[in-house]
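Dear colleague,

I am passing on the structure below, and after it you will find notes on what turned up when I went through its strands and helices. Please read them with the model open beside you.

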Amino acid sequence: MRMQLEGGIVEAIGGTPLIRLGRLFKDQPFEVYGKMEWMNPGGSAKDRPALYMLREAIRRGEVTSDSVIVESSSGNLAISLAQLCCYLGLRFICVVDPRTTEQHKQIIRSFHGEIDLVTEPDAETGEFLPARIRRVGELVGQIPNAYWTNQYGSPDNAKAHMETTMSEIGEQLGPIDYLFCGVSSCGTIRGCMEYIRSRGWSTQIVAVDAEGSVIFGGEKGSRRFPGLGAGITPGLYRHDVADLVMYVSDLDCVEGCRALVRSEAILAGASSGGVISAIRKMSGSIPEGAVCAAILPDRGERYLNTVYNDEWVLQEIGSNPSTWHGRLEYDLFT
């Protein structure tokens, strides 16, 4: 009998709220709506592709009750897969690197997921991602019935966002003027792009990428936060996936997060802060009356020791949040 990935916690994935960020952008002539992806049960937008990739693999007969799921992740997809594999009773192994936070690893283990830590970057590129993918290949070759979901190349990753994330935004807002979306595996932005283009909308798709990421040909550099940017070009990348690329720094991510929580009481993760900062950077060129959607990928509790820790921000980024005192965080955006 084939496994069924339905019922229970599965039913809580998707259908996340879309709320107007009316306080944060109160002085702007355009509207911004935040897609609260951190309200998925696994805490991030990655619940959607995790569900879609597993469900389709089960439907195709590639995943059975004997399968061992293996994936490379900086954290959030691993949590999503760990939760669903726990629900299915499947063994799950996640290959991570030192940038994955302790909170992410603890949550993965709480769902009975196993951590396989790659400690050294790829010798040729200096990046951890190729080393993680190589380790996935080793595990798949060693473990009977191992299955790699492959978030970097699976069309099911993008389809999940085409059929759910962007569909939900479209149903509520119609043909929006701007979509702001962080990029890493490119699954979210690829799926959203395909939905938008298939309907002939004139939406401007803005890819929010990290400084130091090479996805769109940027110069390679260090990145402190997982889940935004990549050291290699993902398989799901297409040259037409975005109309515009906005690069954000680590400090931009911190400032955006703190502005979001100060003005809207939304405690979101680092990439959400990057998206907010990208909108701020573009605010002078967004026309009056425009409707913008911003995908806020994950929740902030996983960044309490980094984004929301004043000492860490001072030590690692060189900016002292205590000097921000006396001005509302959204004043950073003026």
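**Strand pairing and a buried helix**

Phe 180 has Ala 294, in strand 10, as its bridge partner. Please bear in mind throughout that this is a predicted model. The pair belongs to a parallel arrangement, in which strand 7 is joined to strand 10 by three bridges.

Helix 6, formed by residues 187-198, packs on the sheet and touches strand 7, strand 8 and strand 10, while its direction makes about 175° with that of strand 8.

As for the sheet itself, it is an open one of six strands in the order 1-2-10-7-8-9, and its pairing is mixed. Strand 1 (18-20) and strand 9 lie at the edges with a single partner strand each, so that one side of each has no neighbour in the sheet. On average, and with direction ignored, neighbouring strands of this sheet are turned by 25° against each other.

The helix I looked at in some detail is helix 8, residues 270-282, for which one may ask how far apart its end C-alpha atoms are and what span should be expected. At 1.5 Å a residue its 13 residues should span 18 Å, and the end C-alpha atoms are 19 Å apart, which agrees.

Of these 13 residues twelve are buried, that is, under 20% relative accessible area, so helix 8 is largely enclosed by the rest of the structure. Among the buried residues are Gly 273, Gly 274, Val 275, Ile 276, Arg 280 and Met 282. What covers the buried residues of helix 8 includes helix 7 (250-264), together with strand 2 (31-36), strand 7 (178-182), strand 8 (204-210), strand 9 (244-248) and strand 10 (291-296).

A further group of strands is arranged around strand 4, residues 91-96, which is mostly covered, with five of its six residues buried. Strand 3 (residues 68-72) runs parallel to strand 4 and is joined to it by five bridges, and here Val 70 stands opposite Ile 93. Strand 5 (residues 114-117) is likewise parallel to strand 4, with four bridges joining the two, and Ile 93 stands opposite Glu 114 of strand 5.

Both connections pass through a helix: strand 3, helix 2 (residues 76-88) and strand 4 form a right-handed β-α-β unit, and strand 4, helix 3 (residues 102-110) and strand 5 form a right-handed β-α-β unit as well.

With kind regards

Key. Residues are numbered from 1 along each chain as its sequence is written. This is a predicted model: local features need pLDDT of at least 70, side-chain atom pairs count only at pLDDT 80 or more; totals for chains, interfaces and linings use all residues. Side-chain values use heavy atoms; hydrogens and water are left out. The expected span of a helix is 1.5 Å times one less than its number of residues. Buried means under 20% relative accessible area, exposed over 50%, partly exposed in between (1.4 Å probe, protein chains only). Contact means heavy atoms within 4.5 Å. Two strands pair if DSSP finds at least two bridges between them. Axes are lines fitted to C-alpha atoms, for helices over the stretch in contact, and angles run from 0 to 180 degrees between N-to-C directions. A crossover is right-handed if, with the strands pointing away from the viewer, the path from the first strand over the helix to the second runs clockwise.
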